[in-house]
Amino acid sequence: CEAWEKLTSVDKVFEGSFLDITNEKNVIDLLETAVMLMEGASEEDIKTIRTSVVKMETDGDSAEGDKAEVENEDGEKKGRSKFDRGEDGSDDENSEKNEGKDEEAKKHEEGTERTDEGISVKTDPDGKMETDNVDASAEDGEVNDPSDKLEAKRREALKRAQTHTKYSSIFMRSLPPSISRQDISNMCKKFDGFIRVAFSHPQDDRFYRRCWVTFDATVNIKDICWNLNNVRLKEVELNPVVNRDLTRRCRPMSSLANHNTIMKADIKNLMLLIKNFDEKYELYTGKQPNPIVLKAEKYMEEHPVEDDPKNADEIQLCYDKNLSAVADILTLYLRLVHSVDYYNHSEYRNEDEMPNRCGIIHVRGEPPSNPIMPFEMNDYVKKFVEKCNGMINEGARLDEEEIKKLGTKDEEEEIKKFIEANTQQLGPEKYLCPLSGKKFKGPEFVKKHLLVKHLDKIEAVRNEVKFFNRYLADPKRPNDPVQTIQPFRPPPGHMPPSHAPMRHHNHQPDRRDSYTNRPVASYKDLDAPDDVEIF
């Protein structure tokens, strides 16, 4: 938020930075400026970097500008002054006006001499010489151009600002859950220039994650990557590769976002997201609202956007620069302060740990040349409203009743079970603590021993209970896929029995009827004696 306030204080920082793909260069420059401020660059350096350099016009350039080249009858070129006479002996149209100026110029030239280097040297009445555009410390004939000094200042300021914005990094595609962030950090700290480690969220059901390791830009990243390829961490091959630089930082999305009606809906969604994230991270709390939200609300009240006709078959694109500027400021605030890319409806949560801060941003595409269809616009607005509501309700929890039905755990009960599991009776008045191997006279002494000497184990039980209960309360927790029973679908061309054509043939009894009248078969051995009691 501090970097955003510094960015807004820079003069004309948002001028010409419309978030559309046709303005890609200005958008990337704005992102670079924001990253420099986030990394600690001063406002004076940013102002110096954004200062445009104007080259000084030399005497030789001005002399060439005063002459025009004309071709004679032979096709040769000759230098012709604007005040020279024509071939017919007539003067140019400005020759009469400049006769008096020529006389004054001749008098001025009498007291002025020109050196071989093209530097004008004036003589004062005392006979002393005065030179223009010459520094006392400069060499003979060197011209002191103010634009060169300004360019040198810009380079120094840019070097200072980019000290902590240019990095080299290594990428690991798939790391199992057994490898932690601390393991990667301890391994990479052995190399010079190590800065930080970033992990992604689990990518699949195996909870495998991606990893980025950031180093300083001055290191030889290829040598570090080669050395890491020869290391096995917990019997796992890391397979690191040198991370590629971002090539497409400004990425276009749908061109329908240039329409005024859609921008109006986007502004409403953006204000809701900003209020939600500001409240989540405790920014502009209390009676102090966000100033950019206030400006957007005021603008929408003073400049209402007319809705498109409902029964129209086609809608012509209407684009308002002032309305897009309001939407762009809100979009940039979300992107730079809360790391939310609105047009991609995604949140980059670990962006501060990644090698490239504010690496990419999605912007509006080029305006469509064809008219907009009403169903396209309605689908677009409906889709973005659903995505924004999903981001707002992302941190929602299940009700307590639903959590209890899933089977929550109680901390005291789990601690009691842990103590009972670590209290073993060896005999009368003889109890053992398996964690330490000590023996006690009663179970109450073992409980006291566990609560005092093994408090870390008790805290681990508490944390495990909290983690489990929060896992149950998360509506987006990983679940086993539910296998739905698909209804039977007859093959194409199949006709139900009621619609099948009647076939005329003699009715024959079902084969199953012949088995019902048969006697029950006996499986007695023929050679066995009769079941007769012999007395």
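## Close-up views of a predicted model

**View 1. Confidence along the chain.** Confidence in the protein bottoms out in strand 2 (residues 77-81), with a mean of 39, and peaks in strand 11, at 93. The score here is pLDDT, the predictor's confidence in each residue, from 0 to 100, while helices (H or I, at least four residues) and strands (E, at least two) are DSSP runs, numbered from the N terminus. This is a predicted model, where local features need pLDDT of at least 70 and side-chain atom pairs count only at pLDDT 80 or more, but totals for chains, interfaces and linings use all residues. Residues are numbered from 1 along each chain as its sequence is written, and side-chain values use heavy atoms, with hydrogens and water left out. For the protein, mean pLDDT comes to 76, and 69% of the residues reach 70 or more. Over residues 53-139 pLDDT stays under 50, and for that stretch the model has 76 contacts (heavy atoms within 4.5 Å) beyond four places in sequence. Where pLDDT is low, the predicted coordinates should not be read in detail.

**View 2. The four-stranded open sheet.** The strand order is 7-8-6-11, with antiparallel pairing; two strands count as paired if DSSP finds at least two bridges between them. Strand 7 (194-199) and strand 11 sit at the edges with a single partner strand each, so one side of each has no neighbour in the sheet. Strand 7 and strand 8 run antiparallel and are joined by five bridges. Look for Ala-198, which stands opposite Trp-212 in strand 8.

**View 3. Helices lying across that sheet.** Helix 7 (residues 181-188) lies across strand 6, strand 7 and strand 8, running at about 155° to strand 7. Helix 8 (residues 221-229) lies across strand 6, strand 8 and strand 11, at about 25° to strand 6. For these angles, axes are lines fitted to C-alpha atoms, for helices over the stretch in contact, and values run from 0 to 180 degrees between N-to-C directions.

**View 4. The largest pocket.** This pocket holds about 1800 Å³ of space. On a 1 Å grid over the protein atoms alone, a pocket is an open set of points where a 1.4 Å probe fits, with protein on both sides within 12 Å along at least five of seven lines; lining residues have an atom within 4 Å of a point. Grid points are joined across faces, edges and corners, and the volume is the space filled by probe spheres set on the points. There are 46 lining residues, and Ser-200, His-201, Gln-203, Glu-347 and Asn-350 lie nearest the centre. Helix 16 gives the largest share of the lining, four residues. Elements supplying at least two lining residues each include strand 6 (167-175), strand 8 (209-216) and strand 14 (346-347).

**View 5. The three-stranded open sheet and its hairpins.** Here the order is 16-17-18, and the pairing is antiparallel. Strand 16 and strand 18 are the edge strands, each pairing on one side only. Neighbouring strands of this sheet are turned by 35° against each other on average, direction ignored. Helix 15 (residues 443-453) packs on the sheet, touching strand 17 and strand 18, and its direction makes about 20° with that of strand 17. Strand 16 (residues 424-427) and strand 17 (residues 430-433) share three bridges; Gly-427 is partnered with Lys-430, and Gln-424 with Leu-432. Their hairpin has two residues between the strands, and Glu-429 takes a positive phi near 55°. Strand 17 and strand 18 (residues 438-440) also pair over three bridges, with Tyr-431 opposite Phe-440. That hairpin has four residues between the strands, and Gly-437 takes a positive phi near 85°.
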